Amino acid sequence: MALIEFENATVEFAIYNATGRSLKKQLLQVATGGQIGSDDRGRVVVRALENLTFTLRDGDRVGLLGHNGAGKSTLLRMLSGVYEPSAGSARIQGKVGSLIDISLGIDHEATGRENIYTRGALLGITRASMKQHIDEIIEFSELGGFIDMPLRTYSTGMHMRLVFAVSTILRPEILLMDEWLSVGDEGFKHRAEARLASMVEATKILVLASHSRELIMNTCNRVIWLEHGKIRMMGDTRTVTDAYFGVVSHALHAA
Amino acid sequence: MLKYSTVAAMSDIAAATRRMPLVGILGWQDVRQRYRRSALGPLWLTVSMGVMIATIGIVFGSLFHSPMTEFLPSLASGIILWGFISTVINEGCVSFIASDAIIRQLPIPLFVHVLRMTWRNVIILGHNLVILPIVFIAVGKAVHPIIFVSVVGFALLVVNLLWIALILGVACARFRDLPQMVGSVLQVVFYLTPIMWLPKSLPANVSAYLLDLNPAYHLLEIVRAPLLGHAPSAMNWAASGLLSAVGWAVALLFYGRFRPRIAYWL
């Protein structure tokens with residue numbers, strides 16, 4: 001059973017080489033980014049997320065909406081366990097799998113096969129399990145003889161096929177995504193879609209950050225709207241997406 | 001609150017030891033990157049160290065009028081081991097900084113990065129140790145069975161280096177000028193430790209300070225002495241053991257307090 005429980009969780013970065021005084025004057029009226037302020041010691045801080053309180057349970061497919069710099073990626077990283085809250089509490093129960101940066105750790109001088117093992121190790125997959133899956137991964141990626149060539153000989157598309165194939169063998173209880181993964185040419189796309197869909201279906205909690213209304217409507221049953229690091233609105237998909245996309249189009253028309 | 005964070009630190013370290021396959025893969029990757037597509041391959045690590053030892057050995061050996069059969073093996077093992085010790089400490093300073101991309105994306109136990117750095121240097125040490133048999137044969141030095149005690153000494157040395165690298169890694173992630181200071185301190189320690197000179201060349205009253213109070217000397221001796229054919233003294237063992245106990249206690253408290261902040265500092 002997976003469970004995510006946030007209570008007044010805050011992520012605040014102290015900026016150690018910023019000149020405090022000049023930035024304080026620019027505090028107001030910023031369209032993007034988190035909140036810039038100063039803490040009680042007078043240091044410049046960026047409050048990426050502030051007082052987040054919510055609970056996610058099995059079956060939740062949550063969409064994250066918000067402007068650039070609202071805190072969506074930071075929240076995803078908090079959910080994966082990279083950032084512990086600087087204030088408040090965040091309880092995460094269940095194995096987390098992240099599809100956020102699937103090329104992380106790739107060594108361009110190593111072969112495709114070696115990189116598969118490296119990516120697998122980084123994702124926490126045991127060596128025995130990797131040995132079981134390696135043939136399936138190679139077959140799915142359709143890279144043929146290139147699997148034993150160094151990665152610098154690959155095209156971007158081939159690179160993406162490889163990392164996609166490795167990352168989608170995970171079956172985590174909590175799945176985190178920053179935009180939907182769309183990989184490959186016409187021939188590959190359909191198999192990739194099916195593979196990703198089966199991964200999403202097997203997961204208990206899905207958190208997906210996106211700017212696409214259609215994607216959120218199709219995939220999510222709950223939406224959290226973040227603005228400057230705070231939750232502006234949280235509820236069922238229809239209500240929040242109407243509000244968010246309604247506001248955005250109003251802002252565009254008014255300008 | 002204090003107990004809780006120390007427990008979290010210990011579970012991070014325990015979790016890291018369970019990710020040894022990852023440590024292994026990343027460590028080997030680091031080493032292979034250094035000599036891929038090079039003419040000599042892994043051999044260049046050994047050759048460059050060998051040339052340095054030969055040069056220093058001949059020049060300084062003649063300068064100090066030290067007998068070659070005694071000086072050269074001592075110098076060779078000292079330089080090889082010191083190369084390992086100083087590189088682990090220097091690279092330990094930047095072990096979190098260098099892995100900042102991974103730390104800010106994947107929730108891997110942070111101690112893995114310290115282990116990876118250490119493992120990569122152990123591999124390189126292995127490449128350099130090959131020089132020792134060559135030196136021994138060249139000067140006609142015999143090998144004694146006590147040489148196997150150096151394995152135990154090496155394990156204790158690594159235990160010590162790990163806590164040093166951990167504390168420095170955390171501190172340097174916050175204060176970016178610290179790595180340079182550490183580098184300078186290590187340079188000084190190198191000259192204060194009997195590597196380029198033999199302990200017996202020291203006048204008696206000075207040796208108490210430069211040897212007994214020098215932790216680097218003790219850590220070096222528990223590995224080097226058996227290689228050279230004699231047992232490390234009780235004081236060498238006691239000092240190294242005490243250093244690891246106190247060091248780890250401090251490191252656990254320090255790491256417990258600051259571990260959640262590391263991702264924020266990077």
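Two strands are taken to pair if DSSP finds at least two bridges between them. By this criterion, β1(A) pairs with strand β5 (residues 87-93) of chain A, since six bridges join the two, which run antiparallel. The structure described here is a predicted model, and the confidence of the prediction is therefore considered before the sheets and helices, pLDDT being the predictor's confidence in each residue.

The model as a whole scores ipTM 0.84 and pTM 0.89. For chain A, the mean pLDDT is 87, with 90% of the residues reaching 70 or more. Among the elements of this chain, the highest mean pLDDT, 95, belongs to strand β8 (residues 205-209) of chain A, and the lowest, 47, to helix α1 (residues 20-24) of chain A. Over residues 20-24 of chain A, pLDDT stays under 50, and the model has eight contacts beyond four places in sequence for this stretch. For chain B, the mean pLDDT is 90, and 98% of the residues reach 70 or more. Confidence in chain B is highest in helix α9 (residues 149-174) of chain B, at a mean of 96. The lowest value in chain B is found in helix α11 (residues 204-212) of chain B, at a mean of 77.

Chain A contains an open sheet of four strands, arranged in the order β2-β3-β1-β5 (chain A) with antiparallel pairing. The edges of this sheet are formed by β2 (35-38) and β5 of chain A, each of which pairs on one side only. On average, neighbouring strands of the sheet are turned by 35° against each other, direction ignored. Within the sheet, strand β1 (residues 3-14) of chain A is paired with strand β3 (residues 44-57) of chain A over nine bridges, in the antiparallel sense. Individual partners can be named along this pairing: A:Phe13 has A:Val46 in β3(A) as its bridge partner, and A:Ala14 has A:Val45 in β3(A). In the pairing of β1(A) with β5(A), A:Leu3 stands opposite A:Gln93.

A further open sheet, of six strands, has the order β6-β7-β8-β4-β9-β10 (chain A), and its pairing is mixed. Its edges are occupied by β6 (96-98) and β10 (230-236) of chain A; each has a single partner strand, so one side of each is left without a neighbour in the sheet. From one strand to the next, the twist averages 20°. At one end of the strand order, strand β9 (residues 222-227) of chain A and β10(A) run antiparallel and are joined by six bridges. One of the residue pairs in this stretch consists of A:Leu226 and its bridge partner in β10(A), A:Ile231. In general, the strands of a sheet pair through backbone hydrogen bonds, either parallel or antiparallel.

Chain A and chain B meet at an interface in which 19 residues of chain A are in contact with 15 residues of chain B. On the side of chain A that touches chain B, the largest share, four residues, comes from helix α3 (residues 112-123) of chain A. This side of chain A comprises 10 nonpolar, four polar and five charged residues.

Two packed helices are described by the angle between their axes and the distance between the axes. Across the interface, the axes of α3(A) and helix α2 (residues 20-35) of chain B come within 9 Å and cross at roughly 140°. Angles over 145 degrees would count as roughly antiparallel; α3(A) and α2(B) are therefore oblique to each other. The crossing in which α3(A) passes α2(B) is left-handed. From α3(A), the contact involves A:Tyr117, A:Thr118, A:Ala121 and A:Leu122, and from α2(B), it involves B:Pro21, B:Leu22, B:Ile25 and B:Gln29. By class, six of these residues are nonpolar and two are polar, with no charged residues.

Within chain B, α9(B) packs with helix α13 (residues 234-265) of chain B, their axes coming within 8 Å and crossing at roughly 30°. Because angles under 35 degrees count as roughly parallel, α9(B) and α13(B) are described as roughly parallel to each other. Their crossing is left-handed. Residues in this contact include B:Leu156, B:Val159, B:Trp163 and B:Ile167 of α9(B), together with B:Leu243, B:Trp248, B:Phe254 and B:Trp265 of α13(B). The contact of α9(B) with α13(B) has 16 nonpolar, five polar and one charged residues.

Key
Residues numbered from 1 in each chain as written. Chains lettered and ligands numbered in written order. Predicted model: local features only at pLDDT ≥ 70, side-chain atom pairs only at ≥ 80, totals over all residues. Contact = placed C-beta atoms within 7 Å. Nonpolar A, V, L, I, M, F, W, Y, C, P; charged D, E, K, R; others polar. pLDDT = per-residue confidence, 0-100. Axes fitted to C-alpha atoms, helices over the stretch in contact; angles between N-to-C directions. Parallel < 35°, antiparallel > 145°, perpendicular 65-115°, else oblique. Left-handed = near helix turned anticlockwise from the far one by under 90°.
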